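Let's take a walk through this structure together, one layer at a time. Have the sequence and the 3D view open as you read.

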Amino acid sequence: MKTGIFICHCGHNIKHTIDVKKLSQYFKKYPNVTVSEDYPFVCSEPGQDMIRESIEKQGLDRVLIASCTPSLHGDLFKDLLKKSDLNPFLLRRVSIREHCSWVGDDLEINTEKARRLILAGLYSAAHYVPLEEKVVEVTKSALIVGGGVSGLSAAAFLSKMGMQVYLVEKEAELGGHVRALKNIWPARKDGKEIIDEMVAELAGRKNVEIFTSTTISAFEGFFGNYEVTLATPEGEKKMTAGGVIVAIGFAPFDPIVKPELNYGKDERIITTLEFEERADTLQLPENPRIAILHCVGSRDEQIGKPYCSRVCCINALRVGEAVKNKCKDSYVESFYMDVRAHPRGGEEYFEDTQEKGVLFTRANVAEITPTPAGLVIRGEDTLFGEFFEREFDLVVLSIGMSPPIDNKLMATLFKITLDKDKFFLEAHIKLRPFDTAVKGIFIAGSCSGPKDVEESINHGRASAVKLFGFLNLGYAFVDPFISSVDPKRCSGCRMCETACVAKAIKFDEAKRVVHVEEAACMGCGLCNSTCPSSAISLKGSIDMMIDDEISALTEAI
Amino acid sequence: MQAKKLNNGAIEGVLNEFLKDEQHLVLGFEKDKNGVSHRIFKKSLDQYSFLNPLFSTNGALFLRRLFAKGMQIVLLLRPCEIRAYVELVKLTQIEREDIIAVSVDCLGTVSTKEKIDEIPTEAGQLDAYMKETDKMRWACKVCREPRGVVGDAGIRIDKNGAFWATSYTEKGEGFLSMIEGNLEEAPKEMLISEKEKLPKFQTNMDDFEKDFSKCIMCMNCRDMCPVCYCIDCVFNGDEYLPKGDALLNKVFRTGSTNMPQGKELFHLIRMYHVSQTCVGCGACEEACPQGIPLTKYFKGTSERLQGMFAYMSGRNFDEAIPYLTFLEDELKDVED
Amino acid sequence: MEEKTNKNPEIIGFACSFCTFKASEMAGSLRMKYPDGVKLVQVPCSSRVDPAFVIKAILEGADGAFVAGCHPGDCHFIKGNYYTRRKIAALKEMFDAFSMKDKLKLFWVSAAEARRFVEKVTGMYDEIKEKKNAGKKA
């Protein structure tokens, strides 16, 4: 066996707390180790060249890369092995960054931990065998769940690129929440206009099927060929989708959760969304006194919403501006924690609004009490540390974004994880922000956390580009990590068959042994741990590998 | 309990009639000058004995991988043997179709390792013998279910030493119908009553290591265990017990090791493997040349682990083995 | 078991690829600190963990082992972790019978719960360390 060990410095990230030189020297003396090198960036071009050269010159048959966590750069290194005519499943990744150098500060301790981790990888890799990736055909079609701006922009891109698109919307009309918005900053366009433009783009395309008032009743299968069943008003419809983009948006925060605001009990207390609808029909005195409350349903630990909803400050500014434009002599006061006008130009917009005469008071609002004369707001001015009590004719609550109502349902259906705030969790917050843990299923728009219109459109398009990359190939490699049975060892007790969740194990009555239906196997390994003699084993994760890893990790304790 | 009273020789008569068919067999006990042992009867029951007071192995061991299509077999065995049979049926190591499993009340057994010249096989005498001497195996003393209440049918002994046959399944009814006479209400009190529950088994690693330090890794305990059914045990391979070069490799990697190595590993893993199916018969201990008190550990642990899921090995054919099923709403306090 | 010389506990954790291992990645990315004695073995699903692995880890000298996976109902493989729960519950009962209950723990940590991951492993580490040192003094 000829193993090559490549230890990455990751600039300073690993080198800083792990003695990489010592490690590479240490492993040089190890039996079965032919090459042991450390390098500043193994993932860089020269780093890759070094590995390739070693494989080709030294005839390596195992490659161990100790660097960042295996879920990063996975395909990059796999391709590298392929290019060097080495089976990509003879690659072992050892995470010494996320699981070692970033976790502790002591150089000596970290170096020892990294040594053990690499050793575990080395022992485990000794049992690696070349595996063949299965190729599956990919249906060039996408299911897009949610007809808001993200869903529409994804549909527009994918259909333009020639993919069949099935767009599913729960409501009767496309457009989501954006449809109701007026004079959206900074474009100064009404939401309806934006939506109509986007829908018009789709309308003429033959490869787009739009299902409104439709829900998904079943979702099965694997990447490339997901089997979708829709419940449409015309009845059940079935289709095959190569991939999915989930863009189910958000739910506006319902201020009823905060009883001290008395929302819903007085018509003069409304949300920003209601203001959009009713701005023209509101019955107000000549020079109205209007209060705007920021951060309603955001940055509030008490109601379990510690996050910033990102859009509500701009929305609050829009309300102030609208009122001032209409009625110059009105009294408009915004109660804020701090104004986060994120997007480009937001800060200037904030200043403009102030110049127009909207007052900004940094305050904690304690309660709103409706009286016949007006709405009394009591609170604390946090700049001056004074309590105040002021009367208004209208209070607009700048509400935040809550996770979509169907988040749990969709999470179960598509096997997406929810984050702590119950939005959808991306595979990696920085490097894979559109992916989920499931191949071919992407998330877009505000269902993965609060986003404004522009961000949602971009997010939708970006997910579509990612999915297009997969679909356009027309085929996909499926991990060969499935179970297989050694019929000589199988006792035919059928325990694995009973336990198997995917029902992928079948019993041969004549031979009295089981076999695995490869297409159905999900690769969880439950059968392997259920079989007392390990006659059925999960490729890529056989008992010997894990046993030897344990041995390495516990070495000389 | 509705049962048929068995007159002297009645069961032998029935089974001899049954054996007239070429395809029929009976597995039961035979008494000869050397003692009592298992025997498969083909033509007729000679020197048949209901009770076998000597324990050498668990009879279910002989039934593993028994898929006798078309052959009819009647088993007349001890409850622990029938319970092991039931577990093996669940594990499809035996085809149940052509087998009628009859459990016979057990008055306890004596190890065949003991020096005994003569042991009675008649119920009353045997009961007295077991009470007078202290030769009963520990496994039998702490037996969970010595009553013939498992399998397809059961044979119970009343306080006067008379035998009663009763059925638990459809197959058992078929067996009962072969016996002459009418069903009647059997006495409430039988010679053997339900056993009390033992206190939870508790030990520690020090005691365990001490007890098992004598182990020579012959693995007889595994080979004689009726529910250790694997064709190829994991401990035959190199995964857990490397041999030869693999062993030396391991020593170079992990440091010195005492030999034979892997004793604790072998026993603990086997203990987990049989935890839901162990019937507590003590065949492992009988097979151990080193006199390790295996029953204490295996029976003790398995009873605890079965108790968690309100499961009892071999109690009936329809209970699923706990590791192969689950309830979504259970074991809330397992998470740490 | 070989005589232990190291005074700091060594804990082997079996972490499922889709939840706990992801959480541990995130914990690393967020530079959260936890003891170096905690080392992970990545498994595709917590149901892949054969109780034999845990027994082996303990007998090879680890002071503790934990099995960690997705929350019940959230398993990537739909139902795998319900089986894990039964198996590990039984194994814990067995460890209890051998008076070493504290050596095995079962955690549910989702991919989003980096903080929870760190809290759980640190808690287990501290608990074992305390017991270990208490034993030494006695």
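Two strands count as paired here if DSSP finds at least two bridges between them. With that in mind, and remembering that this is a predicted model, look at strand β7 of chain A, residues 164-168: 4 bridges join it to β8(A), and the two run parallel. To find the pairing on screen, start from A:V165, whose bridge partner in β8(A) is A:V208.

Now widen the view to the sheet that holds this pair. It is an open sheet of 5 strands in chain A, paired in parallel, with the order β8-β7-β6-β12-β22. At its edges lie β8 (208-211) and β22 (441-443) of chain A, each of which pairs on one side only. On average, neighbouring strands of the sheet are turned by 15 degrees against each other, direction ignored.

Next, move to β6(A). Its pairing with β7(A) is parallel and spans 5 bridges, and here A:L143 stands opposite A:Y166 of β7(A). The route from β6(A) to β7(A) leads through α6(A), a β-α-β crossover that is right-handed. β6(A) is also joined to β12(A), by 4 bridges and again in parallel; in that pairing A:V145 has A:V246 as its bridge partner.

How many of the residues of β6(A) are buried? The count is 5 of 5, so that the strand is mostly covered, a residue being buried if 20 or more other C-beta atoms lie within 10 Å of its own. The side chains to follow are A:S141, A:L143 and A:V145, which point one way, and A:A142 and A:I144, which point the other way.

What about the helices? Helix α6 of chain A (residues 149-160) packs on the sheet, where it touches β6 (141-145), β7, β8 and β12 (243-246) of chain A, and its direction makes about 165 degrees with that of β7(A). Helix α12 of chain A (residues 453-473) lies across β6, β12 and β22 of chain A and runs at about 175 degrees to β12(A).

Stepping back, the domain assignment divides chain A into domain 1 (3-131), domain 2 (141-250 + 403-476), domain 3 (253-400) and domain 4 (483-538). The centres of domain 2 and domain 4 of chain A, taken over C-alpha atoms, are separated by 38 Å.

Finally, turn to the contact between chains A and C, which takes 41 residues from chain A and 39 residues from chain C. On the side of chain C, the elements that give two or more residues are α1 (20-29), β2 (38-43), α2 (51-59) and α3 (80-97) of chain C. By class, that side has 17 nonpolar, 9 polar and 13 charged residues.

Definitions and conventions:
Residues numbered from 1 in each chain as written. Chains lettered and ligands numbered in written order. Predicted model: local features only at pLDDT ≥ 70, side-chain atom pairs only at ≥ 80, totals over all residues. Axes fitted to C-alpha atoms, helices over the stretch in contact; angles between N-to-C directions. Contact = placed C-beta atoms within 7 Å. Domains from an automatic or database assignment. Nonpolar A, V, L, I, M, F, W, Y, C, P; charged D, E, K, R; others polar. Buried ≥ 20, exposed ≤ 12 C-beta atoms within 10 Å, placed from the backbone. Right-handed = clockwise from strand over helix to strand, strands pointing away.
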